[in-house]
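This report describes the strand pattern, the aromatic contacts and the nonpolar cores of one protein chain. The sequence and the structure are shown first.

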Amino acid sequence: MEMEQPLLSSAAMLPAITTPQPFGLIIPGHNVITDFIPDCTGTKFTLNLPFPFQQQNQDVSTTLPLSISDLVFFLLPNIPLPPTCGAILYWSALPMDHSGNVVSNIAPGGPTFELLGALTPTEPSAVFRTGWSNHEQLLSFAEQSMSTNRLFSGIMITLGVSIEPLDNIKNLQIDQKGVQDRKNVAKNIATDLFNYLQSFDDVGNAKNGWMTVPTIVFERWFKRFESKLE
């Protein structure tokens, strides 16, 4: 699901969050991050997360940010949201040059922000699935950062937070998005298993509509699946 960069035409009409630092973020295995920067309206916040790549020709799937499957996003203690509003979390990505600067001209019109999830007054914390490991643009940036030519030196992830009315959040169907993400994961696992088993199918001896494979083939697939989770 891709979205234009979140903009509020009536930001001045929304209650601003005046606390200097209302949000926290956890990347699993790392310290809490609370460096969100507010804009002048107090209704938008940004956080830049640079991920420089140090090695060439390493496994793309094990590099940050592609290996980050989930993010924990939350309100800091004793900092409530306005009762009629929520905080929507978006993300975008751009490559970095060899000086660590963002290469912005690779995305005409500016980066595209995509939806991660939202906090509400009754749900002040949540875990959001990123989908970064299978994101085509991120994979392309990572491969170009770790190739022999090294066009880029890494990836800059920008998180954007927008304070918006609860009706806007409801219209985005964020709850359904989370369910659909998990359905897609299950579908991909099932498809991978089917294709792997089919490649060992004894077509000559199988009945019509049946698949005949040695038991050890499933064991091999399961070990491969477990190695991807590590």
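## Alternation along β9

In this predicted model, the side chains of strand β9 alternate between two faces. Ala126 and Phe128 point to one face and are buried, whereas Ser125, Val127 and Arg129 point to the other and are not buried. Such alternation between the two faces of the sheet is what a regular strand shows.

## The four-stranded sheet

Strand β9 belongs to an open sheet of four strands, in the order β3-β2-β6-β9, with antiparallel pairing. β3 (32–33) and β9 stand at the edges with a single partner strand each, so one side of each has no neighbour in the sheet.

The partner of β9 is β6, and five bridges join these two antiparallel strands. Here Val72 stands opposite Val127 in β9. β6 also pairs with β2, again in the antiparallel sense, over four bridges. In that pairing, Val72 of β6 is the bridge partner of Ile26. Val72 is thus matched with Ile26 as well as with Val127.

## Aromatic pairs and the phenylalanine cluster

Seven aromatic pairs are counted in the model. One of them joins Phe23 and Phe36 in an edge-to-face arrangement, with 5.9 Å centre to centre and 70° between the planes. Phe23 lies in strand β2 and Phe36 in the loop between β3 and β4 (37–38), so the pair ties together parts that are 13 residues apart in sequence.

Both rings belong to buried residues: the relative accessible area is 0% for Phe23 and 2% for Phe36. Phe23 and Phe36 form one aromatic cluster with Phe45, Phe73 and Phe128. Phe128 is one of the buried residues of β9 described above.

## The nonpolar cores

Which residues touch the most other members of the largest nonpolar core? Among its 37 residues, these are Ile157 and Leu159. At least two residues of this core come from each of β2 (23–26), β5 (44–52), β6 (70–75), β7 (85–96), β8 (113–119), β9 (125–129), α1 (136–146) and β10 (154–165).

With neighbours within four places in sequence left aside, Ile157 is in contact with Leu47, Asn48, Leu49, Phe51, Pro65, Trp91, Ser92, Ala93, Trp132 and Leu138. Apart from the largest core lies another core, of seven residues, which include Ile88, Tyr90, Ile169 and Ile174.

Methods. Residues numbered from 1 in each chain as written. Predicted model: local features only at pLDDT ≥ 70, side-chain atom pairs only at ≥ 80, totals over all residues. Heavy atoms only, no water. Core = buried A, V, L, I, M, F, W, Y, C linked by side-chain atoms within 4.5 Å. Buried < 20%, exposed > 50% of the residue type's maximum accessible area, 1.4 Å probe, protein only. Contact = heavy atoms within 4.5 Å. Pairing = 2+ DSSP bridges. Phe/Tyr/Trp six-rings, centres within 6.5 Å; stacked < 30°, edge-to-face > 60°.
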